[in-house]
Amino acid sequence: MSTTTITKDKVDATSKKSKAPAGDAGVENLGPAFDPFAPVNDTPSIEKAVGSKNDKIHIRLQQRNGRKTLTTVQGIPKKFNHTKILKAMKKEFACNGTVVKPEEANGEDDSPAPAGPKPNHGDVLQLQGDQRVAVKEFLIESGIVSAKEVKDLIVIHGY
């Protein structure tokens, strides 16, 4: 016959141990709570530290009909003449383009965004074709953006 002995190493099934640390010490490092329904003026301090979209130059690629594409450049400082920059880009890249003023863009809009004043992000330069890399190099060569600030100031969307 076999006999079973009860030892001290046996785990009691009624007591459960959790692997979480005692207290809420891990939650304190996450920063302030973000309420998506809070008023706009009450933004958390984390968003203020990151920076705004207005201080960067955004280069985007938009798809048109079929294989046709449109490169948009937004956020070039207002101290530069956008029409002269566009004229130089058109000559350099051998493409057509236009400057879209913010007043023209605020026409009838079918977006589900609430009505009211829309943010003004400045003039938008539009160029035909995929000119993202060429625009970045043009901004560096023309002196609009220094070579040291390229990673901080230029954002290329679509890569």
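**Helix α2 and the sheet it packs on**

Student: Which residue follows α2, and what is its phi?
Tutor: The model is predicted: local features need pLDDT of at least 70, side-chain atom pairs count only at pLDDT 80 or more, and totals for chains, interfaces and linings use all residues. Residues are numbered from 1 along each chain as its sequence is written, and side-chain values use heavy atoms, without hydrogens and water. Helices (H or I, at least four residues) and strands (E, at least two) are DSSP runs numbered from the N terminus. Next after α2 comes Ala94, with a positive phi near 55°.

Student: How far apart are the end C-alpha atoms of α2?
Tutor: The expected span is 1.5 Å times one less than the number of residues. For the 12 residues of α2 this gives 16 Å, which agrees with the distance between its end C-alpha atoms, 16 Å.

Student: What arc do the buried residues of α2 cover?
Tutor: Buried means under 20% relative accessible area, exposed over 50%, partly exposed in between (1.4 Å probe, protein chains only). His82, Ile85, Leu86, Met89 and Phe93 are buried. They lie on the same side of α2, because their arc (from directions between helix axis and C-beta atoms) is only 95°.

Student: Which residues are exposed on the other side of α2?
Tutor: The buried residues of α2 pack against β3, β4 and α4 (contact: heavy atoms within 4.5 Å). On the other side, the exposed residues are Lys84, Lys87 and Lys91.

Student: Which strands stand at the edges of the sheet?
Tutor: Strands pair if DSSP finds at least two bridges between them. The open sheet has the order β3-β4-β2-β1-β5. Two strands each have a single partner, so one side of each lacks a neighbour in the sheet: β3 and β5.
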